[in-house]
Structures are given as structure tokens and as C-alpha cells.
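Trainee: I have a chain to go through. Can we take it by question and answer?

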Amino acid sequence: MSFGCRTSPELSRVSLSPSISHHETCFADALETPGCETAWNFNWPGTVPAVRKLLAIISLLFLFAVSACGGKEPRAQAEPEQRSTPKVERMAAPPNAYAAQIPPFRRAPLPERVVLPDDGVHAPLIKRVPTNHKVAFITIDDGNKRLPEAHELFRAPNTPASAFLVSKIAAEDPAYFERLKDDGMPIEAHSVNHIKLRGLSYEAQKAEICGSVDALEQMMGKRPTLFRPPYGEYDKTTLRAARDCGIKAVLYWTQSVTDGNVYYQTPEKKVLAGDIILLHFRDAIVGDILATLQAIYDSGLTPALLEDYLG
Ligand SMILES: [Zn+2]
């Protein structure tokens, strides 16, 4: 005979109260109060002794079942502990470690597309984006050092940046740059072999530019539309070849940042609206980025994404 461990106190009380003299509260608590069941007083009026004995045995069996259910309580209490493991796993990740080091920028304005000059033959050279918006642009070249902490920093708010990759270097670790791309960093082109293009033939320059654009498109699934010549060395042939490779603009820069120092290459010695700042994927990149952000902030500007203006 089984009384079932899932019998609720309420149902048990209804079925047994006519024949059992006991405090209902004690019964209700019997599942949770050790020793409560010992207070039961069996009283079966009008029954012969044999029947009484039988009923008493049945009642004892019932109490045994109740007691057995009570014995399962530790398991019932253990369930929340078991559930607590996934709760810990579901906890939000700690805030980005670099977020506190990023200046409190004003919200960037809604970007405006810039109309680029087009002579039908050459891609335009852009040193400063022609915009009145109080924004500056961060660009990062080459791809030699691929630090996880740089990736983490780029995931923080207010760190928009564009990567100009040497396709041969990017091919060493495309997964790293794909993660950057997936986190919002556009991938642009910076030649195949990082050689000086100035003075080279049209064919040689086109091979460097188109070759990097094609390779990066294959690696990243998106075709670059901007190009930066290695060492800033370019000529009219560079601009012609770039346009023929589908490049919308060839990028120069107004400041460069090395080892946490900002080098101003314009007479104003501050970051101006539309400025393009050059960094590199190198060991000191985290310090370079933080120095860049501070320089942008000190100039009353906010970082913005180059592609939102030149795309
Ligand atoms: Zn370079």
C-alpha cells in the first residue's frame, strides 16, 4: 500500500480529519516539523478491536509514508543549490576593464555623408574629412601585433576605429581581424606587401592596391572601399590605380600616435573637427588608443567612424 509522497497536506487533512483527533496545524506542519507526527492520537469509535487494529496499522503505514516524504525534504532543499550553478553562469560579464579609462565623451552627432570630389580618373586624397561635426577619426594600420586587450578596448563604448590592413599580414591571423570586424571595426586596405608605391608603374601599384582589396574581401566577406598608401607615399598613379580598384578615397592623416604620445602634423597642435589620427597594431596599442581618446576629448571632440562619413 502506498500513500504517495506527493499527497498534499491539504488533501490528507480532508480525507482523515473525521476519524483522527489531532491539531490540524500539526498535520499541516507534519511534512516540515520533525516529531510532529508523534502527537497523533488514534481514536476509532464504534469499531471492533480487530478493525481498530487494522485501521491503526493503516494509519501507521500512512504516517510512515508521510515520514518518508518528509525524508525527501533535504533533496527538495538541495534543488535550489543545483539551480544556483547556472544562475552564476548567467551572471552578466564584468564591465569592460577599460571603460573607466575612456573619457566621458559627448554623444556623437548623427553622421553626415560627405560628398567626395570625383574627377572621373583619380580617387580623392583625404587628409581631413570635410565636416563641421565635432568628431575625429581613429585609424589603425598594418596588423602586426594582435593583442586580445586591444580587442577588448575596441569593444568598449566610444572607441570607433577603422583598420587599414596589409593583406599579407592579415592573412597570418584573419580570425583576429574578423572578430574586430564583427564588433564593428571596418576593415580597409593598406597594400599587399607594404612597399612604397610612389614612383611605381600603374600595373605595380594596381597589383598592390587591388591585390589587398581582393584578399581582404575574401578573408572578411566585405570589400574595402578606403585605401591608405604605405608610409604615406603616393602619387597621381596611386590615386588612379586606387579608383580603378573601386576605392572611394585614399586616406592620409593629421596626427600620429606612438608609445602614448600624440604627434601633431598640423600647425594647430590640437585635434580639429574631421581630423584623421594614425595608430598601428603594435605592442603599445592600448596606451596609444587611450592617448588618442584623451587628445580627442581635450579638443572638445568625439570619436566617430570614418565610414559613416566617407562610405
Ligand atoms: Zn603601414
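Mentor: Start with burial: what percentage of the 311 residues in the chain is buried?

Trainee: A residue counts as buried if 20 or more other C-beta atoms lie within 10 Å of its own, as exposed if 12 or fewer do, and as partly exposed in between, with C-beta atoms placed from the backbone. By that rule, the buried share of the 311 residues is 32%.

Mentor: Keep the source in mind. This is a predicted model, where local features need pLDDT of at least 70, side-chain atom pairs count only at pLDDT 80 or more, and totals for chains, interfaces and linings use all residues. Residues are numbered from 1 along each chain as its sequence is written.

Trainee: How many helices and strands does the chain have?

Mentor: Both are DSSP runs numbered from the N terminus: helices are H or I with at least four residues, strands are E with at least two. The count for the chain is 11 helices and 12 strands.

Trainee: Where does serine 191 lie, and is it buried or exposed?

Mentor: Serine 191 sits in the loop between strand E6 (187-189) and helix H8 (202-220). Its C-alpha is 6.5 Å from that of serine 167, 24 residues away along the chain. Contacts (C-beta atoms, placed from the backbone, within 7 Å) link serine 191 to Val166, Glu208, Ile209, Ser212 and Pro230, not counting residues up to four places away in sequence. Because 26 other C-beta atoms lie within 10 Å, serine 191 is buried.

Mentor: Now strand E11 (276-280). Why is E11 called largely enclosed by the rest of the structure?

Trainee: E11 pairs with strand E4 (residues 135-142) in the parallel sense over five bridges, and with E9 in the parallel sense over two bridges. Pairing requires at least two DSSP bridges between the strands. E11 is largely enclosed because, of its five residues, the buried ones number four.

Mentor: Which residue of E11 stands opposite both isoleucine 138 and glutamine 255?

Trainee: Isoleucine 138 faces a residue in E11, and glutamine 255 does too. Contacts of that E11 residue, leaving aside neighbours within four places in sequence, include Trp253, Val257 and Thr292. The residue is isoleucine 277.

Trainee: Which residues touch the most other members of the largest nonpolar core?

Mentor: A nonpolar core is a set of buried Ala, Val, Leu, Ile, Met, Phe, Trp, Tyr and Cys residues joined through C-beta atoms within 7 Å. The largest one has 59 residues. Those touching the most other members are Leu165, Ala242, Ile247, Val250 and Ile277.

Mentor: Within what arc do the buried residues of H10 fall?

Trainee: Helix H10 (residues 285-298) has buried residues Ile285, Asp288, Ile289, Thr292, Leu293, Ala295 and Ile296. They line one face of the helix, because seen down the axis they fall within a limited arc. The arc is that of the directions from the helix axis to the C-beta atoms. Its value is 160°.

Mentor: What is the phi of lysine 269?

Trainee: Most residues other than glycine have a negative phi. Lysine 269 has a positive one although it is not a glycine. It lies in the loop between E10 and E11, and is exposed because 9 other C-beta atoms lie within 10 Å. Its phi is about 55°.

Technical notes: Contact = placed C-beta atoms within 7 Å.
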